[in-house]
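Here's a walk through a protein chain, written for someone who would rather be at the bench. Have a look at the model first, then read on.

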Amino acid sequence: MTHIPENSKRENQAGAPLASSDLADESGAVVDPHSADDARASKMPSEAIHAAAYAAEGAGSAQTPVTPGSVRLRIHPALRFLLPRRARDNGEVDLAHDPSATVGHVVQSVGVPLTEVGDLVVAEVAVSLRSRLQEQDRLDVGVRARPQPLEGPARFVLDVHLGALARRLRLLGVDTAYEKFADDDHLVEQAGRQDRVLLSRDRGLLMRRALRRAAFVRGQDPDDQLADVIERFQPPLQPWSLCLVCGGSLAPVSKALVANQLEPGTLRTQQEFSRCQACGHVYWHGAHDVRLQQVIRRHT
Ligand SMILES: [Zn+2]
């Protein structure tokens, strides 16, 4: 795919969504202290993570007694990359018992956003986020099942570090809001006002109480992130329907209407064009499409 004007900066951002320079804005996306191991864990395709998770289940040292005055959390293998390093092997964390703390609060206190959590079980009985633990309880924290129902429109808003993921989602036709300089308050407000799922790798942001729909994105690589989001939410896909630059809708446009914006080579070789109804970017399917087509084929 190519865009005009061909030499503009925006053209480069939109026209080469798979170029390595696009991945640069992914660095520093993780604002937690465990980023190195997180990266390693997240490199695994999510299916592999889950397969490994289920294989490892039941292999922990769950038999050690919980000392009086404490409670124990046992975290599902697929969520252990979120834990403090010392707890990642067996997924167990002992905490001082706080009778006033809800289960939701206790789970978040070990670094696991509730957006990622599935079943919560104490002594084979399901408990809720608002439940409170008893001294010496063992709380099993499950991982959110996939696919996860969207519970609303298939619309997303992405944290500032996920620009490359935003372009890939738009390529597949998924309604994706993204602004390079949006602050956290703005993201939370926009997610609520426009009823969008907030995607982020910032656990502090994901723990905001005002968020109704949100998810932690696995992986550092934008292609892995895309696979994670598509596999998790399975949104309807409509490739080549949205502008990669702004997310606006594309509509067919006649060659005559855009001819004065085209390079001679493009004029000669291309016949079908579409234009973003929001920002005016012109698109056509050209020699640059190959890698984009690969992304689409992988998911459709
Ligand atoms: Zn646009």
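What follows goes from the whole chain to its cores, its sheets and a few single residues.

## The whole chain

This is a predicted model, so local features need pLDDT of at least 70 and side-chain atom pairs count only at pLDDT 80 or more, while totals for chains, interfaces and linings use all residues. Residues are numbered from 1 along each chain as its sequence is written.

The protein chain has twelve helices and 13 strands. Helices (H or I, at least four residues) and strands (E, at least two) are DSSP runs, numbered from the N terminus. Of its 300 residues, 33% count as buried. Buried here means 20 or more other C-beta atoms within 10 Å of the residue's own; 12 or fewer makes a residue exposed, anything in between is partly exposed, and C-beta atoms are placed from the backbone.

Now for contacts: two residues are in contact if their C-beta atoms, placed from the backbone, lie within 7 Å. Taking contacts between residues at least 6 apart in sequence, 65% join residues at least 24 apart.

## The nonpolar cores

A nonpolar core is a set of buried Ala, Val, Leu, Ile, Met, Phe, Trp, Tyr and Cys residues joined through C-beta atoms within 7 Å. The largest one holds 37 residues, and the members touching the most others are Leu-158, Leu-165, Leu-169, Leu-198 and Leu-199. Among the elements giving it two or more residues are strand S7 (155-158), helix H6 (163-171), strand S9 (197-200), strand S10 (214-216) and helix H9 (222-233). The largest share, five residues, comes from H6. Leaving out residues up to four places away in sequence, Leu-169 touches Phe-156, Val-174, Thr-176, Leu-226 and Val-229. There's also a second, separate core of 17 residues, including Ala-78, Leu-83, Val-93 and Val-106.

## How H6 meets H9

H6 and H9 pack at an angle of about 55 degrees, with their axes 9 Å apart. Axes are lines fitted to C-alpha atoms, for helices over the stretch in contact, and angles run from 0 to 180 degrees between N-to-C directions. The two helices are therefore oblique to each other; under 35 degrees would count as roughly parallel, over 145 as roughly antiparallel, 65 to 115 as roughly perpendicular, and the rest is oblique. H6 passes H9 in a right-handed crossing, that is, the near helix is turned clockwise from the far one by less than a right angle (anticlockwise would be left-handed). On the H6 side, Ala-164, Leu-165, Arg-168 and Leu-169 meet Pro-222, Gln-225, Leu-226 and Val-229 in H9.

## Two open sheets

Strands count as paired if DSSP finds at least two bridges between them. One open sheet has five strands in the order S3-S2-S6-S4-S5, with mixed pairing. Strand S3 (92-96) and strand S5 (125-126) stand at its edges with a single partner strand each, so one side of each lacks a neighbour in the sheet. Strand S2 (residues 70-75) runs parallel to strand S6 (residues 138-143), joined by four bridges. Strand S4 (residues 117-122) also pairs with S6 over four bridges, but in the antiparallel sense.

The other open sheet has four strands, S8-S7-S9-S10, with parallel pairing. Strand S8 (175-178) and S10 are at the edges, each with a single partner strand, so one side of each is left without a neighbour. Ignoring direction, neighbouring strands of this sheet are turned by 25 degrees against each other on average. H6 packs on this sheet, touching S7 and S8, and its direction makes about 155 degrees with that of S8. S9 and S10 run parallel, with three bridges between them.

Here are some residues that face each other across strand pairs.

| Residue | Opposite residue | Strand of the opposite residue |
|---|---|---|
| Arg-72 | Arg-138 | S6 |
| Ile-75 | Val-141 | S6 |
| Val-122 | Leu-139 | S6 |
| Leu-198 | Ala-214 | S10 |

## Two buried residues

Leu-250 sits in strand S11 (residues 250-253). Leu-250 counts as buried because it has 21 C-beta neighbours inside 10 Å. Its C-alpha atom is separated by 7.8 Å from that of Trp-240, ten residues apart along the chain.

Arg-201 lies in the loop between S9 and helix H8 (203-206). Is Arg-201 buried or exposed? Arg-201 is buried, with 25 other C-beta atoms within 10 Å. The C-alpha atoms of Arg-201 and Leu-158 are separated by 9.7 Å, though the two are 43 residues apart along the chain.
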